[in-house]
Amino acid sequence: MKKFAKYTALFLLGLVLIAAGYAYYNGRDRHPGYSLDLDIKAPASPQPLRAGFAALIITPPLPDRWTDADSNAAYEPGKGDTFYDGNNNGRFDTYWMAGFGKGRAANGAHDDLWARAAVIDDGQTRLAIVAVDLLGFSHKNVVNVRKALPTIAGITYTIVCSTHNHEGPDMIGMWGDSFLESGVNRDYERFVEDQVVRAIVQAASRLQPARLKFAQDPTGADSLVTDTRKPLVKDSGLYIMQALAADRDSTLGTLVVWGNHPETLWSKNRAITSDFPHYVREYLEKGISDSTRTVQPGLGGTVVYATGCIGGLMTTSPEVTVADPVSGQRFREPSFEKADAEGKQLARLVYQALQGQDSTTAQAGIRLLARTVELPLDNKLFRLGVALGIIDAGYSRWGQLRTEVAAVQLGEASFLFVPGEIYPEIVNGGIESPAGGDFPGKPVETPALRTLMRGRYKFVVGLANDELGYIIPKTEWDTEAPYLYGAEGKLYGEINSVGPETGPRLHGAMVDLLKGL
């Protein structure tokens, strides 16, 4: 009996050690020692600018199709769902779609996903900005891209941001077939990284003398987005940078930033799509026509769509009605027609904002600051996900995540790059300290970030160089009853946030950068 107890104890100890070793291995630093502290001054006098753009497809191959017996968008063979083996390999080949629920298997593609790159050069600094049609692109992936870039591309600093598209493959790991299975296809992950590298190299090879035109529309898109959590603070303005050829009125490319979740197709969609950004880009590049006339000419060039402040969360939910500005039809239920109408409205607003601006900037300097930041991973579910290898992030040191913030000044415009879904009140003001919050007192994340940004045009780009989830003001953080504003249960944002220190720490780092500008 004593021997049995001894061997049992040794066996259990062995299992514990194996589990601990497995967790430790999964939490290892993917880029040991990586740290960034850039402080690049603009040239002493304004220099001629050059710009280049490129767009490469990142749509995954989808040989198989499946039948959703109960129309719940989750692939469940035990409930009668079946698949057609398109490549005759005897297994179901799919990609798990990120956002909403688990097990949402892609069933074909409606339109392509893209990696779209803009490169701006002032003769001293070469800045690359890439937007990918994915829910998230982690800091690990960004560093992989930077390390893979050839020296010949001449890139000083690379920013990769995701549109936060809820209708594309999982690149984070949280939306697999089950709670114990990562949703990331590693081959696809490497393919996306390679395409991002190629897009940057291609954009850099296309650099040519350029003039930049900046524009904005603070209120035109307000009706298309709703704030689903109090306090009701949105950042619904459109921020636009158009690059024109220096010697002629032709568009090289256009950057558009707007604060809204690309999830208009909602949770039952099973087709790969980039959601409403697809239509924004199509209508801006090619124009808008009906059956008899051209309603709006296209700008030409390559449109790069990036996401702004979407924490809170900002969405075109099934409660929001969207009107098609050409046909007059109104859409409330999630559909491609609704996403189309939304894209059409946004494209018209962007086009009109640009037509209202005559001045361009042909000479300027790039002022750049970027810094590595460490954050404590307090979210227990995220910690478990890292330990099990479901979230392939790794720690910079145990329990700490490495991430990054950046700020840029370029002519009349300033840019702030935020590594997650920031609540608009941190950017624009309006943080509250409501009864029931876990951390009562005065708001921590003050002053509002936009008040520190220079220039007339103030771009805040979210999900840049990482996807940390929601960046919540500390006084609005709430996981313990009683809940904020009389809510009956736990709030959504905290479930998908690194922790309550994320807002204060990132805000402090970004304040330092903006003061440095």
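Strands S3 and S9 (residues 208-217) pair in the antiparallel sense, over 2 bridges. Keep in mind as you click around that this is a predicted model. In that S3/S9 pairing, Ala 51 sits opposite Gln 208 of S9. Strand S3 (residues 50-57) also pairs with strand S6 (residues 114-121), again running antiparallel, and here 8 bridges do the joining. If you want a spot to find that pairing on screen, go to Leu 56, whose bridge partner in S6 is Ala 115.

## The nonpolar insides

Now for the cores. The largest nonpolar core has 42 residues, and those with the most contacts inside it are Tyr 157, Phe 214, Met 241, Leu 410, Phe 415, Phe 417 and Phe 459. Strand S11 (residues 238-245) gives this core its largest share, 4 residues. Apart from this core lies another one, made of 34 residues, including Trp 258, Phe 276, Leu 284 and Ala 341.

Tyr 157 is a good residue to zoom in on. Leaving aside neighbours within four places in sequence, Tyr 157 is in contact with Leu 36, Leu 38, Arg 126, Leu 127, Ala 128, Arg 146, Leu 368, Ala 370, Glu 404, Ala 406 and Asn 465.

One name on that contact list, Arg 146, takes us to helix H2. This helix (residues 139-148) is mostly covered, with 7 of its 10 residues buried. The buried ones are His 139, Lys 140, Asn 141, Val 142, Val 143, Val 145 and Arg 146. What do they pack against? Their partners are strand S8 (157-162), helix H3 (186-205) and strand S21 (400-410).

## A proline in a loop

Pro 43 is found in the loop between strand S1 (37-40) and strand S2 (47-48). Is Pro 43 buried or exposed? Its relative accessibility is 17%, so Pro 43 counts as buried, the cut-off being under 20%. As for who touches Pro 43, not counting residues up to four places away in sequence, the list is Asp 122, Gln 124, Gly 365 and Ile 366. The C-alpha atom of Pro 43 is also 8.4 Å from that of Ala 364, although the two residues are 321 apart along the chain.

## Salt bridges

There are 31 salt bridges in the structure. Here are three of them, with the N to O distance for each pair.

| Pair | N to O distance | Separation along the chain |
|---|---|---|
| Asp 39 and Arg 367 | 2.6 Å | 328 residues |
| Arg 397 and Glu 374 | 2.7 Å | 23 residues |
| Lys 474 and Glu 501 | 2.6 Å | 27 residues |

Take Asp 39 and Arg 367. Their salt bridge links distant parts of the chain, with Asp 39 in strand S1 and Arg 367 in strand S20 (residues 366-376). Asp 39 is partly exposed at 44% relative accessibility, whereas Arg 367, at 11%, counts as buried.

Strand S20 turns up again in the next pair. Glu 374 lies in that strand, while Arg 397 is in the loop between H6 and S21. Glu 374 has a relative accessible area of 28%, which makes it partly exposed.

The last pair in the table runs from loop to loop. Lys 474 is in the loop between strand S25 (470-471) and helix H8 (492-495), and Glu 501 is in the loop between H8 and helix H9 (502-516). Lys 474 counts as buried at 17% relative accessibility, and Glu 501 is partly exposed at 25%.

Some salt bridges share partners: Arg 30, Lys 140, Arg 186, Glu 189 and Asp 392 are joined that way into one network. Lys 140 has already come up as one of the buried residues of H2.

## A greasy spot on the outside

Finally, the surface. Tyr 22, Phe 179, Leu 180, Leu 381, Leu 384 and Leu 388 form a nonpolar patch there, and together they have about 700 Å² of accessible area. Which element gives the patch its largest share? That is helix H6 (residues 380-388), with 3 residues. Tyr 22 belongs to helix H1 (residues 2-26). Why can Tyr 22 be part of a surface patch? Its relative accessible area is 45%, so Tyr 22 is partly exposed and passes the patch cut-off of over 30%.

Notes
Residues are numbered from 1 along each chain as its sequence is written. This is a predicted model: local features need pLDDT of at least 70, side-chain atom pairs count only at pLDDT 80 or more; totals for chains, interfaces and linings use all residues. Side-chain values use heavy atoms; hydrogens and water are left out. Patches are made of residues with over 30% relative accessible area and no salt bridge: like charges are joined within 9 Å, nonpolar side chains (Val, Leu, Ile, Met, Phe, Trp, Tyr) within 5 Å. Accessible areas come from the Shrake-Rupley method with a 1.4 Å probe; for residues, only the protein chains shown count as cover. A salt bridge is a side-chain nitrogen of Lys or Arg within 4 Å of a carboxyl oxygen of Asp or Glu. Buried means under 20% relative accessible area, exposed over 50%, partly exposed in between (1.4 Å probe, protein chains only). A nonpolar core is a set of buried Ala, Val, Leu, Ile, Met, Phe, Trp, Tyr and Cys residues joined through side-chain atoms within 4.5 Å. Contact means heavy atoms within 4.5 Å. Two strands pair if DSSP finds at least two bridges between them.
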